[in-house]
Amino acid sequence: ANEYFDLNPLQKHELDMRLDRLLIWHRYEQLPEYAAFLGTAIKKAQPGLKRDDIVWFVDGFKARYRVIVNRGAADAAEILATLAPEQITALQKRWDKDNRKFASENELDGSLEKRKRARLKKTLSQMVDWAGSLTYEQEQKIEVLLDAIPLIEHLRHADRIRRQQEFLQLLKLRTNRQEFQPKLHAWLLDWERGRTPEFERLSNEVYAKRIQFYLAVD
């Protein structure tokens, strides 16, 4: 939070207190539930993944995200309400840096082949994190399987910027607690709302093909 907003000492103290409360609740209420969720996921995966298992797992992550938003959005609104104009400027500068990094890592200004290689590099890194080292033959198979999935990073980049602009518009309401808090809560919960029809269509296609990809890799 400090990296994005350059918080002053009073804001840091207020954030620490509110975050401590959130983390205490999270430790005692959420972590045991996460352990049970992951334990079930392991049992589902052991005999071999099925499509329904992956959908269940993704939906489980989304549900747990909503629980945290519902718990923490009011505190977030209180902290954000204290931002000064220069802190919002600091946020925009940090976003510009993040957006340039995203574009660079995904080779958005490069050729189709460069973009595919960037995606393959990230995917192989993810697979190694999950499954350990891969053989050359496995890497080659993953590259072939991945090629069937449409590239979507350019649309993700545009949607990131759209969401950032929505957030800046929201911050204009920050001193009006009654209006700002529910709108922030809704913005955090429904992060897929407002996508372009092209991005919505391609996201659904990529999601379905990603599931097939993970099943094939498994």
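A residue is called buried when its relative accessible area is under 20%, and exposed when that area is over 50%, with partly exposed in between. This cut-off serves the whole tour, which moves through a predicted model.

**The whole chain**

Begin with the entire chain displayed as a cartoon. Nine helices and zero strands make up its secondary structure, so that reading from the N terminus gives the order α-α-α-α-α-α-α-α-α. Along its principal axes, the C-alpha trace spans about 55 × 45 × 30 Å.

Next, switch on the molecular surface. The chain exposes about 14,000 Å², and 55% of that area is supplied by carbon and sulfur atoms. Of the 218 residues, 32% are buried. If the charged residues are then coloured by sign, 38 positive and 34 negative charges appear; the mean positions of the two sets are 1 Å apart.

How do the contacts in the chain divide by distance along the sequence? Among those between residues at least 6 apart, 77% join residues at least 24 apart.

**The largest pocket**

Turn now to the largest pocket, which holds about 2,000 Å³ of space. Its lining consists of 50 residues. Select Val58, Gln126, Trp130, Arg210 and Tyr214, which are the closest of these to the pocket centre. Then colour the elements that each give two or more residues to the lining: α2 (9-45), α3 (51-80), α5 (112-131), α6 (136-146), α7 (153-171) and α9 (197-217). Which element provides the largest share of this lining? That element is α9, with 11 residues.

**Ser203, in helix α9**

Remain on helix α9 and select Ser203, which is found there. Is Ser203 buried or exposed? Ser203 counts as buried because its relative accessibility is 14%, which falls under the 20% limit. Leaving aside neighbours within four places in sequence, Ser203 is in contact with Ile152 and Arg195. Add Leu151 to the selection as well: the C-alpha atoms of Ser203 and Leu151 are separated by 9.9 Å, although these residues stand 52 places apart along the chain.

**Leu22 and Lys62, in helices α2 and α3**

Move to helix α2 and select Leu22, which has its place there. With a relative accessibility of 22%, Leu22 counts as partly exposed. Show Arg71 and Gly72 beside Leu22; both are touched by Leu22 when residues up to four places away in sequence are not counted. A distance drawn between the C-alpha atoms of Leu22 and Arg71 should read 7.7 Å, for two residues 49 apart along the chain.

Helix α3 contains the next stop, Lys62. The relative accessible area of Lys62 is 31%, so Lys62 is partly exposed. Select Leu189 together with Lys62. These residues are 127 apart along the chain, yet their C-alpha atoms are separated by 9.6 Å.

**Two loop residues with positive phi**

The last two stops concern backbone angles. Select Asp6, in the loop between α1 (2-5) and α2. Asp6 is not a glycine, but its phi is positive, at about 50 degrees. The relative accessibility of Asp6 is 54%, and Asp6 therefore counts as exposed.

Finally, go to the loop between α4 (85-105) and α5, where Glu107 is found. What is the phi of Glu107? The angle is near 55 degrees, a positive value in a residue other than glycine. Glu107 counts as partly exposed, because its relative accessibility is 32%.

Definitions and conventions: Residues are numbered from 1 along each chain as its sequence is written. This is a predicted model: local features need pLDDT of at least 70, side-chain atom pairs count only at pLDDT 80 or more; totals for chains, interfaces and linings use all residues. Side-chain values use heavy atoms; hydrogens and water are left out. Helices (H or I, at least four residues) and strands (E, at least two) are DSSP runs, numbered from the N terminus. Buried means under 20% relative accessible area, exposed over 50%, partly exposed in between (1.4 Å probe, protein chains only). Contact means heavy atoms within 4.5 Å. Accessible areas come from the Shrake-Rupley method with a 1.4 Å probe; for residues, only the protein chains shown count as cover. Lys and Arg count as positive and Asp and Glu as negative; His and the chain ends are not counted. The place of a charge is taken as NZ of Lys, CZ of Arg, CG of Asp or CD of Glu. On a 1 Å grid over the protein atoms alone, a cavity is a set of points where a 1.4 Å probe fits but cannot get out, and a pocket is an open set with protein on both sides within 12 Å along at least five of seven lines; lining residues have an atom within 4 Å of a point. Grid points are joined across faces, edges and corners, and a volume is the space filled by probe spheres set on the points.
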